[in-house]
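Please walk through this structure with the text below as a guide. It takes one region at a time.

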Amino acid sequence: MSGAEPRPGLRDVAPYISPQLGAAARLNTNECPHPLPEDVALEMAEAIRELPLHRYPDGQLRRLRDELAALHGHRADGTWAANGSNEVLTQLLQAYGGPGRRALTFEPTYLLHRRICWLTNTELVGGELGDGFLLGSDQVEHAAAAAPDVVFVCSPNNPTGNAQPVDAIGALAAALPSSLVVVDEAYGEFSPRTTALPLLATQPNVAVVRTFSKAFALAGARIGYVLTAPSVVEDLQRVRLPYHLSALAQTAGIVALRHRREASDVLAAIAGQRDRLLRELDAIDGVTVYPSDANFVLFVPPGDPATVWQGLLDRGVLVRDMTAVVPGALRVTAGAEHEVDLFLKALGEVLVR
């Protein structure tokens, strides 16, 4: 017996997995390196303890949406949340992509954008970022000619780290008034002056997606959200699963939003370590380092990147191999100070061998 047969092509695709290998410094997945402050964790635990978990959660996420809307000065009916920003992105493609429709990505960029196109049977249209991995007039012209139904813009871009010019994103949205321009700002809190949020006031075809995983140290809670036009949120409610965001996650998000000041202090500490990585890597002969507005740094070491990656792991440091996306490149998360210490020490040892 051969068993049940999956959809055509499914078994030709590997699972999307970020390897979690044993290492003293796990700097490969861009998580927040600092745990929740104890008082925040205790408040969150108490709020969760009081939940009526024998009942379904609020399927409309009313309180969480209200809090997020107030944070950003946006309409609550234009605010939506789901299980991490990845589910938000998937819902957007379920609503605006699908069979017979097309999405455009500008490479190199977040690998999951391409993957969810495949998951939702959305045709993928390729594009390339310009010099410095930036959007510009050439990319806008390419998008206008391709006429996709959905365009993905990652800003700050993963894995390159740079934010995209807001004017270029606005030009993209203006050139494609009937297309949805999805701005993936998973790392947006690290680059607040380059956010696309101001575009929401004038361009209803823009959707800005964010996450609690980085800025709020809640990667384990899986909370992402989108700010967009109310009509887009109405469409997302047509494709979302019933009670898709648990009461546990909703409550964790609400409590975290009460402690935005503590989160901003953590952001400043992480940005300091990112800037330190940029300086230290730039000072090493033979290393090419790319500018970053995020909580990670992309760099190209001299020699064989696989050898460097393994040498770092042998010394207790796990970074991300991005050579399939940017030739020769590795990506390191801006961790806690002692983790960055360990990375720089290990890299120095590997490169002098």
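**A charge over a ring, and the sheet around it**

Arg 331 lies over the face of Phe 296, at 5.5 Å from the ring centre. The model is a predicted one. Both residues belong to strands: Phe 296 is in strand E10, which covers residues 296-300, and Arg 331 is in strand E13, which covers 330-333.

These two strands are part of an open sheet of 4 strands, in the order E9-E10-E13-E12, with antiparallel pairing. The edges of the sheet are strand E9 (288-289) and strand E12 (320-321); each has a single partner strand, so one side of each is left without a neighbour in the sheet. In general, strands of a sheet pair through backbone hydrogen bonds, in a parallel or an antiparallel way. Between E9 and E10, which run antiparallel, there are 2 bridges. Within this pairing, Thr 288 stands opposite Val 300 in E10.

A helix is packed against this sheet. Helix H9 lies across E9, E10 and E13, and runs at about 15° to E10.

The next topic is the nonpolar core. The largest one has 109 residues, and those with the most contacts inside it are Leu 64, Phe 152, Leu 172, Phe 212, Leu 312 and Phe 343. Helix H9, residues 260-282, gives the largest share of this core, with 7 residues. The helix that lies across E9, E10 and E13 is therefore also the one that supplies the largest share of the core.

Which residues does Leu 312 touch, leaving aside those up to four places away in sequence? They are Val 317, Val 319, Phe 343, Ala 346, Leu 347 and Val 350. One of them, Phe 343, is itself among the core residues with the most contacts.

Phe 212, another residue of that group, leads to the aromatic rings. The structure holds 6 aromatic pairs. In one of them, Phe 212 and Tyr 225 meet edge-to-face, 5.8 Å centre to centre and with 70° between the planes. Phe 212 lies in the loop between strand E7 (206-211) and strand E8 (224-227), while Tyr 225 is in strand E8, so the pair ties together parts that are 13 residues apart in sequence. Phe 212 counts as buried because its relative accessibility is 0%. Tyr 225 also has 0% relative accessibility and so counts as buried. Together with Phe 216, these two residues form one aromatic cluster.

Elsewhere, a second arginine is placed over a ring: Arg 7 lies over the face of Trp 118, at 4.2 Å from the ring centre.

Methods:
Residues numbered from 1 in each chain as written. Predicted model: local features only at pLDDT ≥ 70, side-chain atom pairs only at ≥ 80, totals over all residues. Heavy atoms only, no water. Core = buried A, V, L, I, M, F, W, Y, C linked by side-chain atoms within 4.5 Å. Buried < 20%, exposed > 50% of the residue type's maximum accessible area, 1.4 Å probe, protein only. Contact = heavy atoms within 4.5 Å. Pairing = 2+ DSSP bridges. Axes fitted to C-alpha atoms, helices over the stretch in contact; angles between N-to-C directions. Phe/Tyr/Trp six-rings, centres within 6.5 Å; stacked < 30°, edge-to-face > 60°. Lys NZ or Arg CZ within 6 Å of the ring centre and 35° of its normal.
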